[in-house]
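Here is a set of questions and answers for a reader meeting this structure for the first time.

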Amino acid sequence: MLSNIRVVLVGTSHPGNIGSTARAMKTMGLSNLYLAEPKVEPDGHSIALAAGASDILKHAITVGSVEEAIADCSLVIATSARSRTLDWPMLEPREAGEKLVASALNGPVAIVFGRENNGLTNEELQRCDYHVAIPANPEYTSLNLAQAVQIICYEARVAHLAQEANTTGAAEQSEDNEQDFSSSKERENFFEHLETTLSSTNFIIKNHPGQVMTKLRRLFSRTRIERQEMNILRGILTSIDRVVAKNETTDK
């Protein structure tokens, strides 16, 4: 099950951080590492800091974007500082670990870590279902990348051990097991379809789109969409598209 939890590093610029991340993962039993648009590749320094976790580096998968790294994941959680400009569903690390482990029983899930210097972009953050903030000392919040990975991987392991003992998180595990959630790629296709349809009805004005799509993304992130629900929503949009197309033909 832990192999379904994917650690995604975005735009990593220091090979040592990749090695230290591999070490942090292996100590907690995680092994699935994705490197999204890395600035560097794992090297000898990475292997040295991996300290026996070079197998994780060997099997790490490099992709060109966050979208590619999380495409088949039913749950995606981004690490982020709390933001006043992007109000998104937030989790504590313990909650994040429990959700990752519960959803990982059904397939791949991801925890996404941003760039060392400036984290994740707003667009990348909006592609994730939840954000998790590590409650560090407010007077000194300087966690390096591998430390942040270690904390979240630890919480995932704690939740995994609790799951095995059928204690903490059992109720949420049972609920998530009964639901077939849509993948990240399916959700992105839906949002693209939704924006196209809303633009065709002039609900969204192309030159002045405002924050409509951001707010809709936030809404659907709060209510994780099951695959059958997604099919219904796409069907509704398609029916609207047909009416719009018919009216446009009639007008001509």
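A disulfide is a pair of cysteine sulfur atoms within 2.5 Å. This is a predicted model, in which local features need pLDDT of at least 70 and side-chain atom pairs count only at pLDDT 80 or more, while totals for chains, interfaces and linings use all residues. Residues are numbered from 1 along each chain as its sequence is written, and side-chain values use heavy atoms, with hydrogens and water left out.

Q: How many disulfides does the structure hold, and why does Cys128 not form a bond with Cys73?
A: The structure holds 0 disulfides. The closest cysteine sulfur to that of Cys128 belongs to Cys73 and is 9.8 Å away, which is too far for a bond because the limit is 2.5 Å.

Q: Why is Cys153 not bonded to Cys73?
A: The sulfur of Cys153 is 14 Å from its closest cysteine sulfur, in Cys73, and therefore too far for a bond.

Q: What makes Cys128 count as buried?
A: Cys128 has a relative accessible area of 1%, and buried means under 20% (exposed is over 50%, partly exposed in between, with a 1.4 Å probe and protein chains only), so the term applies to Cys128. Cys153 is likewise buried, with a relative accessible area of 1%.

Q: Which helix gives the most to the lining of the largest cavity?
A: Helix H9 gives the most, with 4 residues. Helix H9 (184-200) and helix H10 (212-222) each supply at least two residues of this lining, helices being DSSP runs (H or I) of at least four residues, numbered from the N terminus.
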